[in-house]
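Biologist: Please take a close look at one part of this model, a charged side chain and its surroundings, and then go on to the charge pairs elsewhere.

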Amino acid sequence: MKEKYIKKFVEKQDELKKLVYLQNTFLVEEIKLVAGVDLAYWVKDKKEYGTCSIVVIDYNTKEIVEQVDYFDEITVPYISGFLAFRELPLILKTVKKLKTKPDIYMFDGNGYLHYRHMGIATHASFYLNKPTIGIAKSYLKIENVDFIMPENLKGAHTDIVINNDVYGRCLRTRENVKPIFVSCGNWIDLDTATELTLHFIEKDSRLPIITRYADLATHQSRKRVLGDK
């Protein structure tokens, strides 16, 4: 059953991959609003459901200016390397609920750091028409290449290079915490993606608040839908 999806998915990824542009199409000083995006899943009555939360934050004050959620049944099966096809329908329906217009989207997930450079942050960029960044909590190992652990200093990083191509960056956001994995989504360079990630790091988490808030929001949304106390 999954085979019928894979051929179509690969063709779409290969089509979009040719259009990826890893350079800034904006000025950092003009950024006003940044959106964090995350999803959560659950199974009920043998059906799978997902909820997407988007939290929009003021870039300068770091205050939340908007939060929206959307949940629905998931009809696309899980296939490694093609997660974006499951997530994108929920994301786009959630975006439609936004009243604000984010300048940049940051995803709890990968972007260019992907088998075919088409993680959710990159894939979604073509539908959002905005620069995107991928922030992953764990490492997606590609072609048996391990990451190099950065120094135990805030801002220390090592690049993830596979076949002379920089896929992403292993970034230490604070001392004495595990690193995270930053990758470009689209229309942004890796140094700027790193700069924006560090901008949203607070003292109580290794994750940028933008994706951390989105992650917390998905759990709250799932509880509301399921009626959990």
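Modeller: E66 is buried (under 20% relative accessible area, with exposed over 50% and partly exposed in between; 1.4 Å probe, protein chains only), yet E66 has no salt bridge, that is, no side-chain nitrogen of Lys or Arg within 4 Å of a carboxyl oxygen of Asp or Glu. The nearest side chain of opposite charge is that of K99, 6.3 Å away; Lys and Arg count as positive and Asp and Glu as negative, while His and the chain ends are not counted. This is a predicted model, in which local features need pLDDT of at least 70 and side-chain atom pairs count only at pLDDT 80 or more, while totals for chains, interfaces and linings use all residues. Residues are numbered from 1 along each chain as its sequence is written, and side-chain values use heavy atoms, with hydrogens and water left out.

E66 belongs to strand β3, residues 64-73; strands (E, at least two residues) and helices (H or I, at least four) are DSSP runs, numbered from the N terminus. The side chain of E66 makes a polar contact with the side chain of T100 at 2.5 Å. Such a contact is a pair of N or O atoms within 3.5 Å; within protein, one must be able to donate a hydrogen and the other to accept it, and residues adjacent in sequence count only if both atoms are side-chain atoms. Neighbours within four places in sequence aside, E66 is in contact (heavy atoms within 4.5 Å) with I54, V55, V56, K97, L98, K99 and T100.

Elsewhere, the salt bridge count comes to 12. One of them joins the side chains of D159 and R169, at 2.7 Å from N to O. This pair links distant parts of the chain, with D159 in strand β6 and R169 in strand β7 (residues 165-171), 10 residues apart. D159 counts as partly exposed at 33% relative accessibility, whereas R169, at 6%, counts as buried. Salt bridges that share partners join D159, R169 and D191 into one network.

The side chains of E15 and K12 also meet in a salt bridge, at 3.5 Å from N to O. E15 and K12 are 3 residues apart in helix α1, so about one helical turn separates them. E15 is partly exposed, with a relative accessible area of 45%, and K12 is partly exposed at 26%.
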